[in-house]
Amino acid sequence: MSNDRRSRAAEQHTQLIGVGPGAWCVCDASVPENDARRLIAYLERVDGHVEVVWVHERRPPARFESLTFAFDAVRDVLTGMRS
């Protein structure tokens, strides 16, 4: 599968779910709901930034300037997982 096709697949299967004020979970909708691998990352707004705590991948926490940048980074990781 080409990188472009993987990227489109990640966009189609990535869900951003609000779980509270300034907090979101990013899930892979291609994974069954009862499978823990569905949860990719937890995002939280802290001090004007969005922090990402990776749940599925072993990665250090990351900090981004906006929710958009954070969500895009998570989708990039998901794209890599599909390759």
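Is Glu51 buried, exposed or partly exposed? With a relative accessible area of 27%, Glu51 is partly exposed. The views below come from a predicted model, and Glu51 returns in one of the legends.

**Figure 1. The chain runs through helices and strands in the order α-β-β-β-β-β-α.** Start here to get your bearings. Counting the elements gives 2 helices and 5 strands. The chain has 83 residues, and 35% of them count as buried. Now think about contacts between residues at least 6 apart in sequence: 26% of these join residues at least 24 apart.

**Figure 2. The largest nonpolar core has 16 residues.** Which of its residues touch the most other members? They are Ala41, Leu43, Val52, Trp54, Ala70 and Val74. Two or more residues come from each of β2, β3 (39-46), β4 (49-54) and α2 (67-81). Helix α2 gives the most to this core, with 7 residues. As background, nonpolar side chains tend to be buried together in soluble globular proteins.

**Figure 3. Val52 and the residues it touches along the chain.** Here we zoom in on one member of the core. Its neighbours within four places in sequence are left aside in this view. What remains in contact with Val52 is Ala41, Tyr42, Leu43, Pro61, Ala62, Phe64, Ala70 and Val74. Of these partners, Ala41, Leu43, Ala70 and Val74 are also listed, like Val52 itself, among the residues that touch the most other core members.

**Figure 4. Arg59 lies over the face of Trp54.** How far is Arg59 from the ring centre? The distance is 5.6 Å. Trp54 has already appeared among the core residues that touch the most other members. If you go looking for aromatic pairs in this structure, the count is 0.

**Figure 5. Glu51 and Arg63 form a salt bridge.** Their closest N and O atoms are 2.8 Å apart. Why does this pair tie together parts that are 12 residues apart in sequence? It does so because Glu51 lies in strand β4, while Arg63 lies in strand β5 (residues 62-64). Arg63 has a relative accessible area of 45%, so this residue is partly exposed. Glu51, at 27%, is partly exposed too. The structure has 3 salt bridges by count, and the next two legends show the others.

**Figure 6. Asp72 and Arg75 meet within helix α2.** These two residues form a salt bridge, and their closest N and O atoms are 2.9 Å apart. They sit 3 residues apart, which is about one turn of the helix. Asp72 is partly exposed, with a relative accessible area of 29%.

**Figure 7. A salt bridge joins the side chains of Arg37 and Asp35.** The N to O distance is 2.5 Å. Are these two residues buried or exposed? Arg37 counts as exposed because its relative accessibility is 51%, and the cut-off for exposed is over 50%. Asp35 counts as buried because its relative accessibility is 19%, and buried means under 20%.

**Figure 8. Asp28 and Ser30 share a polar contact.** Which strand holds Asp28? Asp28 is found in strand β2, which covers residues 23-28. The side chain of Asp28 is joined to that of Ser30 by a polar contact of 2.6 Å. Asp28 has a relative accessibility of 5%, so this residue counts as buried. Strand β2 is also one of the elements giving two or more residues to the largest nonpolar core.

Notes. Residues are numbered from 1 along each chain as its sequence is written. This is a predicted model: local features need pLDDT of at least 70, side-chain atom pairs count only at pLDDT 80 or more; totals for chains, interfaces and linings use all residues. Side-chain values use heavy atoms; hydrogens and water are left out. Helices (H or I, at least four residues) and strands (E, at least two) are DSSP runs, numbered from the N terminus. Buried means under 20% relative accessible area, exposed over 50%, partly exposed in between (1.4 Å probe, protein chains only). A polar contact is a pair of N or O atoms within 3.5 Å; within protein, one must be able to donate a hydrogen and the other to accept it, and residues adjacent in sequence count only if both atoms are side-chain atoms. Rings of Phe, Tyr and Trp (its six-membered ring) pair if their centres lie within 6.5 Å; planes under 30 degrees apart count as stacked, over 60 as edge-to-face and the rest as tilted. A charge sits over a ring if NZ of Lys or CZ of Arg is within 6 Å of the ring centre and within 35 degrees of the ring normal. A nonpolar core is a set of buried Ala, Val, Leu, Ile, Met, Phe, Trp, Tyr and Cys residues joined through side-chain atoms within 4.5 Å. Contact means heavy atoms within 4.5 Å. A salt bridge is a side-chain nitrogen of Lys or Arg within 4 Å of a carboxyl oxygen of Asp or Glu.
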